[in-house]
Amino acid sequence: MSENGTHLFAGDQSLIPVSVLTGFLGSGKTTLLNHLVRSPGMNRALVIINEFGAVSLDHDLIARSNDDLVVEMMGGCLCCTIRGDLQAALRDAPWRFARDGTCWFDRVVIETTGLADPAPILHTLMTDPQLQTLYRLDGVITTVDAATGMATLDAQEEAVRQAAVADRILLTKVDLTVEAERMAIEARLKALNPAAPIIPAIGGEVDPACLFDAGLYNPATKSHDVQRWLAAEAYDAPHHHDHHHGTGEHAHHHDVNRHDGHIRATCLTFDEPLEAETFERWLDILLMFKGADILRVKGIVNLEGEANPVVIHGVQHVFHPPVILDRWPSEDKRTRLVFITRDISAEDLRGTLALMTAGLDKYGLEGLVNDVPQSGMIAGVAGAG
Ligand SMILES: Nc1nc2c(ncn2[C@@H]2O[C@H](COP(=O)(O)OP(=O)(O)OP(=O)(O)O)[C@@H](O)[C@H]2O)c(=O)[nH]1
């Protein structure tokens, strides 16, 4: 987080929205893109395609009248070997695709390989200083094959992660399933990622408006989206009374989610405003020790002394600068934090914050910071998840 949490780039509409399209091998990403680039309003979308093979077939598939708005990246995976190439391509693109001296595209869609972990790609977008002056992350769209998705989720943790971090899930090939199968996979996806809308599609046919502008940073849709992913009712995980009925919740969670036991979505709510320093330290420590297992964090935070809500958004250990909304999106002014984690329970999360608060009360900030490594108290709990 920033020093004082007052970064304000919520309204910067000059930045170009970037969507990351991910989904397991053969789950229908190219089919979707092919439909999207032909949709009204999408003719100025720059499409970046990443393929493992040396020869790209996808470029030919994603043909349109002005098909020059396509960048192919081959011979590696965007999330690892050719990450630098993605940075370079995004930096150069506004000049490479300029018309009359101005950037010609108004949106970017990055299609990852089916095996990609989207997190490093999001990190690239969130941390490269040059890219931050040009682009803003809009959201992650994940395709899930309705017909084979169950088996894929059973066998491939990568597929589970892709679905867990999505802002929008496109359920593809619903024409190949019967009602019961489709309901089963929808229930599983809901348990894994309660906030992401699940949009059924056949042949990639979907209204682009359902998939884009999922970001927190679009004033036109921001409040709406904040509202949606904070729909705390959607979460199975314990809320603020978790210590009273933690076991029941837990058992329920496991039933729906039995195959994806390691990865879960948790929503923590806090009735009282949080003290800014404590909250920041807690997040820092949590991310330091468990960053790799916190796939995504989103939240709206009521800080002491701050009239308006602060929105936070992170992927593993990397955080967007917090954004202060100009008003609360609803009457509900509780802090609500959504965590998508691997092997970290709501109890672990809440416990570390309680320790942090107790430690601050007892030792003060100086004492606590100095004390943490020796006592191992917070580190121990954070590490025990
Ligand atoms: N029946 C049916 N087939 C579909 C649908 N969507 C995609 N397909 C088919 O599924 C196959 C894989 O689709 P692609 O769009 O190439 O999938 P992809 O995710 O881009 O695949 P990779 O690039 O290998 O990761 C193709 O043969 C598509 O024609 C659908 O809604 N219904």
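**A walk through the predicted model**

Of the protein's 385 residues, 44% count as buried. The model is predicted. Its secondary structure comes to 14 helices and 15 strands.

How does the chain come together? Take the contacts between residues at least 6 apart in sequence. Of these, 77% join residues at least 24 apart.

Now turn to the core. The largest nonpolar core holds 86 residues. Which of them touch the most other members? They are Val47 and Ala163. Helix 12, residues 276-290, gives the most to this core. Its share is six residues. Two domains also come into view here. Domain 1 spans 16-217, and domain 2 spans 226-384. Both give residues to the core, so the core lies between them.

Stay with Ala163 for a moment. Which residues is it in contact with, leaving aside neighbours within four places in sequence? Thr142 and Val144 come before Ala163 in the numbering and are in contact with it. Ile169, Leu189, Leu192 and Asn193 complete the set of contacts.

Next comes the ligand. It is surrounded by 18 residues. The closest are Gly28, Lys29, Thr30, Thr31 and Gly114. Helix 1, residues 29-36, supplies the largest share of this shell. That share is three residues. What classes of residue make up the shell around the ligand? Eleven are polar, four are nonpolar and three are charged.

To retrace the route, look first at the ligand and helix 1, which gives three residues to its shell. Then find Val47 and Ala163 in the core. Finish at helix 12, with its six core residues.

Definitions and conventions
Residues numbered from 1 in each chain as written. Predicted model: local features only at pLDDT ≥ 70, side-chain atom pairs only at ≥ 80, totals over all residues. Helix = DSSP H or I, 4+ residues; strand = E, 2+ residues; numbered from the N terminus. Buried ≥ 20, exposed ≤ 12 C-beta atoms within 10 Å, placed from the backbone. Contact = placed C-beta atoms within 7 Å. Near = placed C-beta within 6 Å. Nonpolar A, V, L, I, M, F, W, Y, C, P; charged D, E, K, R; others polar. Core = buried A, V, L, I, M, F, W, Y, C linked by C-beta atoms within 7 Å. Domains from an automatic or database assignment.
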